[in-house]
Amino acid sequence: MIYASKDAKRRALVQEITRTHATGRPVLVGTVSVEESERLAADLRQAGIACRVLNARNDAEEAEIVAEAGALGAVTISTNMAGRGTDIRLGGAGERQRDSVVALGGLSVLGTNRHESRRIDDQLRGRAGRQGDPGSSRFIISLEDPLLQRCGIERLLSPKLLQEVKTAGERGEADRELDHKAVRSEVARVQRIVEGQHGDLRHRLLSYWGLLEHQRGELREWRQAVLEGRGEESLLARWSSRRWSDLCGRFGQPMLRDIERRITLVTIDRCWSDHLTEMQAIRDEVHLVQLGGVDPFTHYYRTAEAAFEALLVRIDDSIVEIFERVTVTEDGVDWEREGLQGPSSTWTYLVNDNVFGNNTFLTLANRASFGLWAVLVCWWILLPWALVLHWRRWRQRREG
């Protein structure tokens with residue numbers, strides 16, 4: 001059931017719940033927020049209908065409320081996540097009134113909004129009819145709901161239909177249901193659009209994650225081989241042969257191999273942490289290359305590949321450099337004094353390249369002949385932006 005305004009939808013919800021409650025059927029209402037659930041509960045209580053609210057503010061009572069949600073005459077208002085993972089038994093706790101509820105048609109499920117995914121809608125609908133029980137479900141929504149407004153439902157509907165809705169409101173028919181095939185079709189279309197957008201975000205995030213995960217896998221394999229004492233001959237025996245031979249003669253090769261293993265592990269960890277920080281900085285600014293007509297992911301991929309090749313070289317150089325400067329005694333190396341403790345790192349992602357949105361400027365900017373002109377004209381905007389980003393990174397490094 002679709003209505004033009006939120007107020008009309010709220011009145012329709014109260015009427016539908018009142019009608020169903022009068023028959024004795026249990027009613028479950030699914031809302032999208034705590035505020036909406038409490039506002040609807042207030043409307044119902046004002047109409048003389050007792051109800052129970054299941055949301056994040058009373059989760060301690062969740063089990064009890066869910067247990068009685070299928071009882072005769074029960075009215076339960078719930079947010080999306082409330083009562084997850086549990087079946088609502090007809091007849092309440094112990095199913096003592098099961099036969100009476102089944103004879104009335106089972107649980108009646110009402111949804112107050114279309115969600116960003118049909119999967120969530122289906123999960124709410126699936127509260128009715130569990131394990132062969134009877135039941136029914138219905139969504140009561142309005143054109144003013146957040147999801148439809150965010151996607152511009154008015155732009156998707158025809159001017160003739162919008163004028164018809166406006167005229168009905170002026171005639172005092174604002175509570176009339178919009179039983180139009182075109183309206184239902186566009187509401188479903190909005191949901192498909194949002195699902196597509198979320199799918200694109202997940203695909204883009206997976207692309208960025210996949211590249212780093214491949215690099216992480218290579219480094220993990222190397223690190224595990226070092227940890228278990230497997231792999232090729234000693235790097236230090238080849239690149240720091242004089243010091244290696246001297247220390248081997250004084251302390252023996254097993255100690256030197258253990259020192260090399262420890263240095264290698266610490267160096268891999270530190271260099272990988274620095275690599276992640278570098279990739280984060282590139283990821284934060286990669287969307288700016290759109291102004292030059294370059295695909296952000298292509299630019300990121302090439303930069304990350306070059307950075308990883310440089311990382312492998314840097315690890316080898318660092319291992320040799322650390323080995324040349326550490327003090328080795330009969331007891332080995334004082335790792336704490338040498339400052340060779342393992343680091344930690346946190347990695348986050350920007351999930352969308354298109355932070356500027358879809359606009360004519362970017363369409364033109366993506367053409368090679370226009371990119372240079374755009375940078376020359378807009379330098380006074382881009383320069384302060386870049387300075388602010390660099391200042392924020394400098395401040396984060398200093399505080400860290």
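A residue is called buried when its relative accessible area is under 20%. Asp-145 has a relative accessibility of 4%, so Asp-145 counts as buried. The structure described here is a predicted model, and this report covers its charged contacts and its aromatic pairs.

## Salt bridges

Side chains of opposite charge can pair when their charged atoms come close. The structure holds 21 salt bridges. Three of them are set out below, with the N to O distance of each pair.

| Basic residue | Acidic residue | Distance, N to O |
|---|---|---|
| Lys-9 | Asp-145 | 2.9 Å |
| Arg-96 | Glu-68 | 3.1 Å |
| Arg-98 | Asp-133 | 2.8 Å |

In the salt bridge between Lys-9 and Asp-145 the side chains meet at 2.9 Å, N to O. Lys-9 sits in helix 1 (residues 6-23), while Asp-145 belongs to the loop between strand 7 (141-142) and helix 6 (146-150), so this pair ties together parts that are 136 residues apart in sequence. Lys-9, like its partner, is buried, with a relative accessible area of 4%, and Asp-145 also stands at 4%.

The side chains of Arg-96 and Glu-68 form another salt bridge, at 3.1 Å from N to O. This pair links distant parts of the chain, 28 residues apart: Arg-96 is in the loop between strand 4 (75-79) and helix 4 (98-104), and Glu-68 is in helix 3 (residues 62-68). Arg-96 is exposed, with a relative accessible area of 53%, whereas Glu-68 is partly exposed at 22%.

Arg-98 and Asp-133 meet through their side chains at 2.8 Å, N to O. Here too the pair links distant parts of the chain, with Arg-98 in helix 4 and Asp-133 in the loop between helix 5 (118-125) and strand 6 (135-139), 35 residues apart. Arg-98 is partly exposed, its relative accessible area being 27%, and Asp-133 is buried at 17%. Elsewhere, salt bridges that share partners join Lys-9, Glu-36 and Asp-145 into one network.

## Negative surface patch

Which residues gather in a patch of negative charge on the surface? They are Glu-218, Glu-221, Glu-305 and Glu-309. Helix 9 (181-227) and helix 13 (296-325) each supply at least two residues of this negative patch. Glu-218 has its place in helix 9 and is partly exposed, with a relative accessible area of 39%.

## Aromatic pairs

Across the whole structure, a search finds 4 aromatic pairs. One aromatic pair, formed by Tyr-208 and Tyr-300, is edge-to-face, with 4.8 Å from centre to centre and 65° between the planes. Tyr-208 lies in helix 9 and Tyr-300 in helix 13, so the pair ties together parts that are 92 residues apart in sequence. Tyr-208 is buried, with a relative accessible area of 1%, and Tyr-300 is buried with a value of 1%.

Trp-244 and Phe-323 have ring centres 6.1 Å apart and planes at 50°, so this pair is tilted. The pair ties together parts 79 residues apart in sequence, because Trp-244 lies in helix 11 (residues 241-251) and Phe-323 in helix 13. Trp-244 is buried at a relative accessible area of 7%, and Phe-323 is buried at 0%.

Which residues do ring pairs link into a cluster? Tyr-208, Phe-297, Tyr-300 and Tyr-301 are the residues linked in this way.

Key. Residues are numbered from 1 along each chain as its sequence is written. This is a predicted model: local features need pLDDT of at least 70, side-chain atom pairs count only at pLDDT 80 or more; totals for chains, interfaces and linings use all residues. Side-chain values use heavy atoms; hydrogens and water are left out. A salt bridge is a side-chain nitrogen of Lys or Arg within 4 Å of a carboxyl oxygen of Asp or Glu. Helices (H or I, at least four residues) and strands (E, at least two) are DSSP runs, numbered from the N terminus. Buried means under 20% relative accessible area, exposed over 50%, partly exposed in between (1.4 Å probe, protein chains only). Patches are made of residues with over 30% relative accessible area and no salt bridge: like charges are joined within 9 Å, nonpolar side chains (Val, Leu, Ile, Met, Phe, Trp, Tyr) within 5 Å. Accessible areas come from the Shrake-Rupley method with a 1.4 Å probe; for residues, only the protein chains shown count as cover. Lys and Arg count as positive and Asp and Glu as negative; His and the chain ends are not counted. The place of a charge is taken as NZ of Lys, CZ of Arg, CG of Asp or CD of Glu. Rings of Phe, Tyr and Trp (its six-membered ring) pair if their centres lie within 6.5 Å; planes under 30 degrees apart count as stacked, over 60 as edge-to-face and the rest as tilted.
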